[in-house]
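Q: Please take a close look at one part of this structure and describe how that part is packed. I am new to it, so explain the terms as you go.

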Amino acid sequence: MIQGIPIEHFLVVSTIMFFIGVCGFIIRRNLITMLMAVELILNSVNINFVVFNRYLYPDQLQGHFFSLFIVGIAAAEASVAIALIINIYRKLKNIDVENVNELKF
Amino acid sequence: MTGYNYTILIPIIPLVIFLVTGLLGMKWKPIVSGLIGTVGMGTAWLLSIITAGSYFFGGHHAEGFQTIIPFEMTWLRFTETLIIKMGVLLDPISVMMLVVVTTISFMVHLYSIGYMHGEKGFQRFFAFLSLFTFSMLGLVIATNIFQMYIFWELVGVSSFLLIGFYYQKPSAVAASKKAFIVTRFADLGFLVGILILSYVTKTFDFGQLTQPGTTIFGNAASLSFMGVSALTWAMTLIFIGGAGKSAMFPLHIWLPDAMEGPTPVSALIHAATMVVAGVYLVARMFPVIHFQAPAAQEIVGYVGGFTSLFAAIIAITQYDIKRVLAFSTLSQLGYMMLALGVSGYGGEEGLGYMASMFHLFTHAMFKALLFLGAGSIIHAVHSNYMYDMGGLRKYMPITHATFLIACLTIAGVPFLSGFFSKDEILVAALHHNKLLFAVEFIVAGLTAFYMFRLYFSVFWGKDRHYHHTPHESPLVMTIPLMFLAFASIFSGYLPFTELVTSDKIGFESEMNYMVAIPSILIGFLGIAVAWVLYKKESDIPAKLAKSWGILYTATYNKFYFDEIYLFVTRKIIFNYISRPIAWFDRHIVDGFMVGIGLVTEKASYKIKGMQSGQLQHYAFAFVAGALALALFMIYYLM
C-alpha cells in the first residue's frame with residue numbers, strides 16, 4: 001500500500017495514458033510513433049493490473065504476473081514491428097502508414 | 001361372383017402392346033408393329049365378346065344384372081379416408097362399352113395396316129392407338145370416379161398425340177393444341193365437380209354413389225352455393241367435363257378441327273369411342289343426376305338438343321367430307337345427351353337411358369363405318385373435299401355399298417340399327433319434353449339430308465379429273481368396312497331393353513308407330529331432297545345457297561364460333577386479363593426482386609469507400625463504436 005495515494009490517482013493516470021495512446025494510434029501517420037502509442041496503451045493496462053492487484057487483492061500475484069507477461073510480449077512485439085518497419089522503409093523509402101497499401105490491391 | 005378375373009387382361013393387353021411397340025417399334029419392320037397391335041386387339045376383342053356373352057346371357061337376370069368387381073386394388077393411400085383405388089367394374093353399360101371400344105379399335109387397327117401403309121411413323125401410330133385403347137378401356141371399367149378422371153386425361157393425351165400425328169403440318173399442330181386446351185378447360189369443371197361430390201358424399205366409388213336408396217346424400221340438401229344445391233353444382237360441373245369430351249355446344253369447336261388427324265383416328269377416337277366418354281360419364285352418374293340434381297339433368301337435355309340441331313345445320317353446308325361427318329357426330333352425340341336428359345329411372349321410365357346407350361352402340365358402329373369409308377375414299381382420291389369427288393361408285397364398289405348402308409342406317413331407314421335406336425330416343429323425348437321432341441324430329445330429317453348430300457356428291461354425279469384412276473382399297477381395309485356394315489345392319493336387333501337399362505332390370509318395349517312412321521317419313525323426305533339436288537350435278541344447290549345469302553355464309557363458317565372464341569381469347573382475355581397480369585408479373589413481382597438486387601448493389605457501391613484498407617480508420621471506427629456503446633450503457637441502461 002503506497003501511503004496516502006488513493007487508487008483513483010493511479011487510474012486517472014492510466015486512463016490518460018490509454019487515451020493518449022489511442023489518439024496517437026489513430027492520428028499519427030508515422031509507423032514508429034504508432035508503435036510507441038501502442039506501447040503507451042499496453043503500459044496503461046499494466047498500471048491498471050498492478051494497481052488493482054495491489055489495492056484489491058494484496059495477498060495475490062496474478063496482476064503482477066500479467067503485467068510481466070505483457071511487458072515481455074510487448075518487447076517481442078516491438079522487435080517484430082521494428083523489423084517490419086525497417087523492411088517497409090527499405091522498400092518504400094518512408095514509413096508513412098498511408099503508403100503501406102501494397103496488399104490492398 | 002368370380003370368374004371374370006380375365007377381364008383385367010382386356011386393358012392390360014393394349015398397355016403392353018403400347019410399351020413394346022412404343023419402345024422397340026423402331027427396330028422392327030413397320031408391319032410388325034401393325035400386326036402385333038392388330039393381333040393383340042383381336043385378343044382383347046375376343047375377351048370382351050366372351051365377357052359380354054357370359055355377363056348378359058349366362059344365367060338368369062330376372063332380378064336385374066349384378067354389378068361385379070372382379071379386381072380392385074388400392075392405388076394411392078393418402079389418409080385413412082382418402083384412398084384412390086384402381087379396378088375393374090362390370091355392369092351392363094361398362095360391358096357394352098368394352099365391346100364397343102374393342103370392336104372399333106380392332107377394326108381400326110386392321111384398317112390402319114392398309115391405310116397407313118408406307119407412312120412415316122407407322123410404328124408410332126400403332127403405339128399411340130394402343131395407348132388410346134388402353135386409356136379408353138381403363139375409363140370404361142373404372143370403379144370410381146377418380147380412376148375415371150385419370151383415364152379421362154389419358155384419352156385426352158392420346159387424342160392430342162394422334163390429332164397431331166402429322167406434326168409437320170401446322171394445321172394439325174394447331175388442331176391438336178386446340179383439342180387439348182378446350183378439353184382441358186372442360187376437365188377443370190370435371191375435377192371441381194368430383195371434388196364437390198366427394199366432399200359431400202365422402203366417397204369416389206361408383207357403387208356407393210349410384211346405389212338406389214343410398215343415404216350418403218343425407219346432408220347434401222343443406223349445402224348450397226349461390227342458391228343452388230351443392231350436388232347440382234357438382235353434377236353440372238361434371239357434365240361440363242363430359243360436354244368437353246363429347247364436344248357439346250359451346251365446347252364443340254375442337255371436334256371439327258380434330259379431323260386433321262389420320263382418318264382411322266377420327267373413326268376410332270372422334271366418332272366411336274372417346275367422344276362418347278361424356279355420354280358414358282353422364283350415364284354412369286345417372287342415378288345421382290336424376291335423383292339429386294334434376295336441374296343438371298335438364299341442362300343435359302337442352303344442351304344435347306341444341307347441339308344436335310346446331311351441328312346438323314352446319315353439316316349441311318360443309319364441303320370437307322370429314323367435317324360433314326364430324327358435325328354429324330356432334331349431332332348424334334347431342335341425341336344421346338338429350339336422351340339421357342329426358343330419361344326417368346327404372347323400367348319404362350328409363351327408356352331414354354336405354355335409348356341413349358343403344359344409340360351409342362349403334363352409332364359407334366355406323367359412324368366408324370362412315371369414317372373408315374371416308375378414309376377409303378380419301379385414300380383413293382387424295383382429297384378431303386367433296387368437289388374433288390364424284391362418280392366413285394364405279395371405281396369402289398365395296399366402299400360404295402358399305403357407305404350406302406351406313407348412310408341408310410344413320411338416316412333411320414327401317415330395319416337398320418339406327419332406325420331402332422333413334423326411334424327409342426324420339427319416343428323417350430316425346431314422353432318427357434315436346435320441344436326437344438320437335439327439335440329431334442327436325443334433326444332426323446336434316447341428318448338424312450346431309451348424309452345423302454354427301455353420298456350423292458361423292459358416289460354419283462360426274463367424274464372428276466383424277467390424278468390416277470381411283471381404285472378400290474385393299475382387302476385389309478375393306479374387311480373392316482364389311483364387318484362394320486354387317487354390325488350396322490344387325491346391331492339393332494340386340495335386345496337392348498332387356499340388357500342395358502337404368503336400374504339394370506330389363507323391360508319389354510314395343511314399337512311406337514305414332515313416332516316411328518313420321519320419323520321414317522321425314523328421313524325419306526331428307527333423302528328425297530338430297531336425291532333431287534345432288535344426284536345429278538346441277539346448279540340448284542348453288543342457287544339455293546345464294547338465295548339464303550347471309551344465313552348460308554354464316555352456316556358455312558360454322559356460325560363464326562371459332563372467330564368468336566378467337567375474339568374472346570385474343571382481344572378480350574389476352575388484352576384485358578392476361579396483359580395486366582403479365583404487366584403485374586413483370587413490373588411488380590419481378591420489379592420487387594430486381595429492386596432488392598438493385599438496392600443492395602447501389603448501397604454497397606456507396607459504402608464500399610469505407611473499406612479503405614487504412615488501419616487507422618478501422619481503429620477509429622472501433623474505438624468510436626466502443627465508446628458509443630460504453631456511453632450508451634452507462635447513461636441509458638443504468
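A: Two residues are in contact if their C-beta atoms, placed from the backbone, lie within 7 Å. The model is predicted: local features need pLDDT of at least 70, side-chain atom pairs count only at pLDDT 80 or more, and totals for chains, interfaces and linings use all residues. Residues are numbered from 1 along each chain as its sequence is written, while chains are lettered from A and ligands numbered from 1 in the order in which they are written.

The part chosen here is helix 16 of chain B, residues 397-411; helices are DSSP runs (H or I, at least four residues), numbered from the N terminus. Helix 16 of chain B has 15 residues and spans 21 Å from its first C-alpha to its last. That is close to the expected 21 Å at 1.5 Å a residue, the expected span being 1.5 Å times one less than the number of residues.

How many residues of helix 16 of chain B are buried? A residue is buried if 20 or more other C-beta atoms lie within 10 Å of its own, with C-beta atoms placed from the backbone. By this rule 11 of the 15 residues of helix 16 of chain B are buried, and the helix is mostly covered. Among them are B:Thr399, B:His400, B:Phe403, B:Cys407 and B:Ala411. The cover over the buried residues of helix 16 of chain B includes helix 14 (321-342), helix 15, helix 17 (417-432), helix 18 (434-459), helix 19 (475-490) and helix 21 (513-534) of chain B. After helix 16 of chain B comes B:Gly412, with a positive phi near 85°.

Elsewhere in chain B, B:Val282 is in contact with B:Phe239, B:Gly242, B:Ile289, B:Val300, B:Met337 and B:Leu340, leaving aside its neighbours within four places in sequence.

Notes: Helices (H or I, at least four residues) and strands (E, at least two) are DSSP runs, numbered from the N terminus. A residue is buried if 20 or more other C-beta atoms lie within 10 Å of its own, exposed if 12 or fewer, and partly exposed in between; C-beta atoms are placed from the backbone.
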